[in-house]
Amino acid sequence: MKTELVADEARFAALATDWADLYGRCATATPFQSHAWLHSWWLSYGRRGRLRLLLVRGADGRLLAAAPLMAVRSPFPALVPLGGAISDYGDVLVDDGRAEEAVAALTEGLAAAARTALIDFREVRPGGAVERVYEHWRGPRRRVGDSVCLELPAVPMEELVARLPSAKAQRVRAKLRKLTSLGVERSVVAPDEVDGALRRLLELHQLQWQGRKVTSEHLQRRFCEHLVRSVGPMVRSGDAVVTEFRLDDDVVAVDLTLLSRKLAGGYLYGAHPRLRERKADVAVMLLDACAEHTRERTRGALSLLRGNEPYKHHWRPEPVVNQRLLLARRRTAPLLSAALCDVAARRRGKELLHRWESFRERSGGGGT
């Protein structure tokens with residue numbers, strides 16, 4: 001096998017066909033590992049000279065494994081997955097048919113590419129392909145928990161409702177009837193109309209969060225450009241679907257759901273406040289639409305993606321903890337220790353912040 005480290009942006013763009021072919025042969029791949037998503041992310045967020053794509057090819061030139069990485073210098077030298085904070089899962093791609101030899105070659109290539117840097121895989125979904133690399137790794141390594149994702153079984157809406165206690169199930173059915181009585185209609189957006197729908201999604205997203213705390217990155221121009229650039233090709237390849245919701249002939253909500261063989265997950269939506277004013281339950285409306293995509297093909301999970309928000313727990317989801325896999329060589333073992341200290345410090349900081357916020361709530365916000 002031939003292992004190659006690519007740092008040229010033009011070559012990254014030219015890999016689209018080979019990458020898509022490999023993506024289709026990797027059962028654990030999520031849409032966040034698709035070429036459309038990663039290359040678009042690089043155009044919006046990448047920094048010149050930092051690209052590091054590790055590729056493994058067979059004797060016939062076929063791409064058998066790929067690790068999409070970039071070099072960072074802070075808080076310590078490391079190779080981290082492309083996709084950054086706006087991607088819910090990080091991973092590598094491995095050809096399932098030649099996994100053993102491909103993983104071995106990829107692991108050796110990563111050890112050579114790391115040199116004086118730590119390899120830091122964030123947000124790895126349990127069962128991800130990079131876990132095989134972790135098992136083959138010969139140097140110092142550590143696995144720690146990362147973000148929590150909440151998952152439901154990939155079943156139609158009526159089965160999700162049936163999982164609830166009877167009183168809650170009755171309320172959800174009433175909310176579904178309310179959506180029908182209001183005349184809320186939904187339709188899947190055609191590929192050639194996706195760009196405009198995504199811009200409406202972001203406009204509605206900003207409107208729904210007006211005056212409240214919102215993820216600031218979702219309001220940035222670079223995020224909009226990334227979303228518009230990446231999702232169109234993903235819709236055409238079946239890795240995403242955009243749904244519009246209309247009320248009185250006006251688009252009042254737009255939802256973006258990402259799809260893969262293993263899961264369907266609602267990534268982002270925008271909803272006009274008018275829906276809540278009309279007593280429409282937006283969460284029920286969106287989950288009903290997302291669950292519809294599980295009818296077409298068998299998927300393992302309907303993911304609510306990252307975030308432990310209380311409203312998600314109404315559906316009795318299963319918490320699934322993403323993993324952070326840290327790989328070092330013997331010479332870079334001190335970087336591994338530094339990373340673990342950073343993890344511990346951040347966790348402690350979150351605990352203290354949570355305690356402080358709980359105290360302020362109990363004291364009516366007047367505590368010091």
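User: Where does T28 sit?
Analyst: This is a predicted model, with residues numbered from 1 along each chain as its sequence is written; local features need pLDDT of at least 70 and side-chain atom pairs count only at pLDDT 80 or more, while totals for chains, interfaces and linings use all residues. Side-chain values use heavy atoms, with hydrogens and water left out. Helices (H or I, at least four residues) and strands (E, at least two) are DSSP runs numbered from the N terminus. On that numbering, T28 is placed in the loop between α2 and α3.

User: Is T28 buried or exposed?
Analyst: Buried means under 20% relative accessible area, exposed over 50%, and partly exposed in between (1.4 Å probe, protein chains only). T28 has a relative accessibility of 19%, so it counts as buried.

User: Which residues is T28 in contact with, leaving aside its neighbours within four places in sequence?
Analyst: Contact here means heavy atoms within 4.5 Å. With neighbours within four places in sequence set aside, the contacts of T28 are D91, G127, G128, A129 and K262.

User: Which members of the largest nonpolar core touch the most other members?
Analyst: A nonpolar core is a set of buried Ala, Val, Leu, Ile, Met, Phe, Trp, Tyr and Cys residues joined through side-chain atoms within 4.5 Å. The largest one has 85 residues, and strand β3 (residues 63-72) supplies the largest share, 8 residues. The members touching the most others are L106, L110, L227, V242 and Y267.

User: What does L227 touch beyond four places in sequence, and how many residues are in the second core?
Analyst: Leaving aside neighbours within four places, L227 is in contact with W37, L198, L202, L256, Y267 and L268. There's also a second, separate core, with V155, A271, L287 and C290 among its members. Its residue count is 30.

User: Which element gives the most to the lining of the second largest pocket?
Analyst: On a 1 Å grid over the protein atoms alone, a pocket is an open set of points where a 1.4 Å probe fits, with protein on both sides within 12 Å along at least five of seven lines; lining residues have an atom within 4 Å of a point. This pocket has 20 lining residues, with A20, Y23, G24, S237 and D239 nearest its centre. Two or more lining residues come from each of α2 (16-24), α3 (35-45) and α9 (221-237). With 5 residues, the one giving the most is α2.

User: What is the volume of the second largest pocket?
Analyst: Grid points are joined across faces, edges and corners, and a volume is the space filled by probe spheres set on the points. By that recipe, the second largest pocket comes to about 310 Å³.

User: Why does the D88 pair with R306 tie together distant parts of the sequence, and how many residues apart are they?
Analyst: A salt bridge is a side-chain nitrogen of Lys or Arg within 4 Å of a carboxyl oxygen of Asp or Glu. D88 and R306 form one, with the closest N and O atoms 3.2 Å apart. D88 lies in the loop between β4 (78-81) and β5 (93-94) and R306 in strand β12 (residues 301-306), so the separation in sequence is 218 residues.

User: Which residues are linked in a network of salt bridges?
Analyst: The count comes to 25 salt bridges. Among them is R186 with E292, whose closest N and O atoms are 3.8 Å apart. The network links D21, R25, R62 and D95.
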